[in-house]
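Hi,

Here is the structure I said I'd pass along. Have a look first, and my notes follow underneath.

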Amino acid sequence: MSGAGRDLEIDRLRRARPRDRFVRRSLFAFGALLVGAWLVGGFDLGDAFSEQRLRNVDRFLGEIRPYPLQGEAWDHGVFLEWARGLWVEKGALAVGRTLGIAVLAIVLAALLALPFSLAAARTVATPEPYVPSGRPPTRWNRWAWRGLVGVTRTGLVFLRALPEYVWAYLALAILGPTAWPAVLALALHNTGILGRLYAETVENVPTGVPAALRGLGAGRTQVAAAALGPALLPRLLLFFFYRWETCVREATVLGMLGVVSLGYHIADARVRGRHDEFVFLVLLGAAIVLAGDLVSTWARGLVRRAS
Amino acid sequence: MTAPELPRRPPAVGVRGLTLLLLLVAGALSYEGLGLTAAGLWPNEGGLAVAREFFGRALTPAWTSEARFVPPGTPPLLLDALGAAGRTVLYAAAAMSLALVIGVVLGFLASSSWWTLGERRGIGRTVTGALWFVARAVIAAMRSIHELLWAVLLLAAMGLSDLAALVAIALPYGGTLAKIFSELIDEAPRDAGEALRGAGAPALSVFTFALVPRAAPDMIAYTFYRFECALRSSAVLGFFGFPTLGLELRQSFRSTNYGEVWTYLYVLIALVIVFDWWSGRLRRRLVTT
Amino acid sequence: MTGASFGLEGVSVRFDAFPALSDVDLRIDAGEAVALVGPSGSGKTTLLRLLNGTVRPSAGAVRVDGERLDEVSRRRLRDIRSRLGFVPQDLALVPNLRVVQNVLSGRLGRWSFLGAARALLAPPRALVREVHALLDRVGVAEKLYQRTDRLSGGQRQRVAVARALFQEPSGLLADEPVSSVDPARARDTVRLLTELSSERRITLVMSLHNLELARAAFPRLVGLRRGRVVFDAPSDDVPAGAFEALYDLTTEELLGDGA
Ligand SMILES: Nc1ncnc2c1ncn2[C@@H]1O[C@H](COP(=O)(O)OP(=O)(O)O)[C@@H](O)[C@H]1O
Ligand SMILES: [Mg+2]
């Protein structure tokens, strides 16, 4: 092949190369969005390093020194006493409540998500799950099931589209300052997420076993219990722990709205201008998030190995 | 002679069953520990009134401002809401671009493929090992503090500034991206990478041109998913005084203009759904093809 | 340029306690074409990987062009490797890159990081021409800009060969490159490789299971069994019975395999 002929051939192949327009355009649009945000955002970054700001930062750094030690020489004993005081007075209870909120919320979310996920899974929520059965379903029957799937999916999207913080804000105004607003907020948002994940998992179960059971005359609930359950359990648990991790994260901040958990004390310390307590409690929050991550990773490993 | 050993009977409740049981118990204990009652789920008089009024407007969101005094020339509410939505997107996008830089740099440093690919020994190995450890620690620190706590911290340190909002989102998101990126790279099949090492390619080239491309579709899909989360975080930052949807939402709720609240809620939901659809479609295209 | 020469001197390889190769002596001269035959688990892959230094011998010495691989610097080893093309059994291509990029990556060993970035992301015309000519030679020129995972098994195999050839190697090591294609394709690929080897004076070492093909296409055969060289002779001198004996494993050996 001559050099020119080869070049023509290469150009032809290049023009004919398969391209995914959607992916390319999406990447381009996303890149443009990330860069463009800086151009049209008009963020006031210039004054971020102004004299005034730097003085603020300087003062803040002075104030995060434990209160009894401000203006004093460092003393381990005093520091430990200060830390222990904070822990006994506020930290311990707040940590317990924060974890409690996260646990209760994710358990509720998982329980709520189960029925929703079945109603949202097209393989189950249909007039004839897995195998044709008896008289063909009427058109009305088909539409009813399709409607159920549609309504459930819309509901799940609605639940997860709103952030936990917004849910908690609304719930707090209605229910008052118990732990319920925080629990409900986390539970609702995570029902939306787990419901979707679970529904996808249900739809991806290989049809063999459920179809065979249906063939033996098992009903919808029997199939769910006997065929889907065992196939799903490991994945459901994996998602459960993964979402619990984020629940712990979120639970630390929901208190800022006024529910007694870690966030409440953080907001309170901030309002009182006690930046030493404030930073201590933030770090405490970080510690329980890290601990939650570890527990979750460990538990997921356990589940994975058991299956 | 001993009798042949029978296969051991499996325990009646397996590890997973036990886990399930434990979780339910943990839930019940939490319920007790938090001092919750079922009655607490029902609002009192005042709460009930709020609930009635609030949910009463669910199907009739406001089209114009409901404030008692509306200065002439005020733009229609929907325009207002769209403006706030736009700012929500801008904050999320700017923060995400920072997070992406953090995620790529730290993610590559925190990937353990670095020295399993290279045959480093001695000082080189110590240096890469130290870098890896530091990267991991930094990632853990950034991730473990929630973006709202970062926001409050930064606000306390420097006062209200856009930079505070952007950095507050960028730090935890950057850490999360870095963690997931490094995991994706480490879990990608390494056959091609090892073959190229066998052809004399240096570790950095192999890492960048054989391992990263393999993980790239998943990395892109995950970045899109995180952007959807960043939108929610950006909206919530409004509650702390930044001009995103959360700010408008809180103001309207405080002035009990519930129709407006619903308008903002629906705009936020629409925003999230649009990006959810976009990232879902992109993921399917990227990961199944 | 002349082909690479290889030498194994009393080489043994153990994985943990398991002897994958025991006391192997082998000389392969520049420009030779040698077929390695032997049942699965007999040590063919291990032997090939010894030759480019991706497996370390537990005892003995491996020489490439007279240099002992365990005595050269790391830098030098990379240079040696960049002149040895390897077509692994599993091909080891990056599935979601285009064919042209997979072939280009054969030369990563000779490019700096930035040079590699430029060559892979925006390859100069001259390189693309080279790649196209190679793909033409192995018969998949049409696939230049296709995604690699869209190719059939046989086509991918040719891409892997092209990647190895793009290194401009003086030695080509191919590990069962024809085990997963139909007999006609297998014959073509083996012919292609032996032709290329004599055309470009590339030393070729290939492992395969197809005995007739090995005998027909290669002047020299090396038989491996349980990590030992059983025969090493010109193809015509290997008696038909030797193959039978090579592949006729006892049950005991089968069970021991891969242990
Ligand atoms: N990395 C390894 N770790 C442990 N055992 C190995 C390893 N690689 C190869 N082996 C063992 O060495 C023996 C020879 O393997 P191999 O060279 O792959 O044989 P062949 O390519 O002829 O099938 C086999 O029994 C195999 O199980
Ligand atoms: Mg092999």
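**What I found**

In chain B, buried residues account for 53% of the 289 residues. Before you read on, keep in mind that this is a predicted model.

Chain B has 11 helices and 0 strands, so written out along the sequence its pattern is α-α-α-α-α-α-α-α-α-α-α. As for overall dimensions, the radius of gyration of chain B is 26 Å, whereas a compact globule of 289 residues would come out near 19 Å. Along the principal axes, the C-alpha atoms of chain B take up a box of roughly 85 × 60 × 45 Å.

I also looked at how chain B is put together. Take the contacts between residues at least 6 apart in sequence: 75% of them join residues at least 24 apart.

Then the surface. About 13300 Å² of chain B is exposed, and carbon and sulfur atoms supply 68% of that. On the charge side, chain B carries 24 positive and 19 negative charges, and the mean positions of the two sets lie 6 Å apart.

Next, the contact between chain C and chain A. Interface size is often quoted as the accessible area lost when the parts come together. Here the buried area is about 1100 Å², with 53% of it from carbon and sulfur atoms. Which three residues supply the most of what chain C buries against chain A? They are C:Arg125, C:His132 and C:Tyr145, which together give 46% of that area. In terms of residues, chain C and chain A each bring 12 to the contact.

Cheers

How values were computed. Residues are numbered from 1 along each chain as its sequence is written. Chains are lettered from A and ligands numbered from 1 in the order in which they are written. This is a predicted model: local features need pLDDT of at least 70, side-chain atom pairs count only at pLDDT 80 or more; totals for chains, interfaces and linings use all residues. Side-chain values use heavy atoms; hydrogens and water are left out. Helices (H or I, at least four residues) and strands (E, at least two) are DSSP runs, numbered from the N terminus. The radius of gyration is taken over C-alpha atoms; the globule rule is 2.2 Å times the number of residues to the power 0.38. Buried means under 20% relative accessible area, exposed over 50%, partly exposed in between (1.4 Å probe, protein chains only). Contact means heavy atoms within 4.5 Å. Accessible areas come from the Shrake-Rupley method with a 1.4 Å probe; for residues, only the protein chains shown count as cover. Lys and Arg count as positive and Asp and Glu as negative; His and the chain ends are not counted. The place of a charge is taken as NZ of Lys, CZ of Arg, CG of Asp or CD of Glu. Buried area is the accessible area (1.4 Å probe) that two parts lose on being put together, summed over both.
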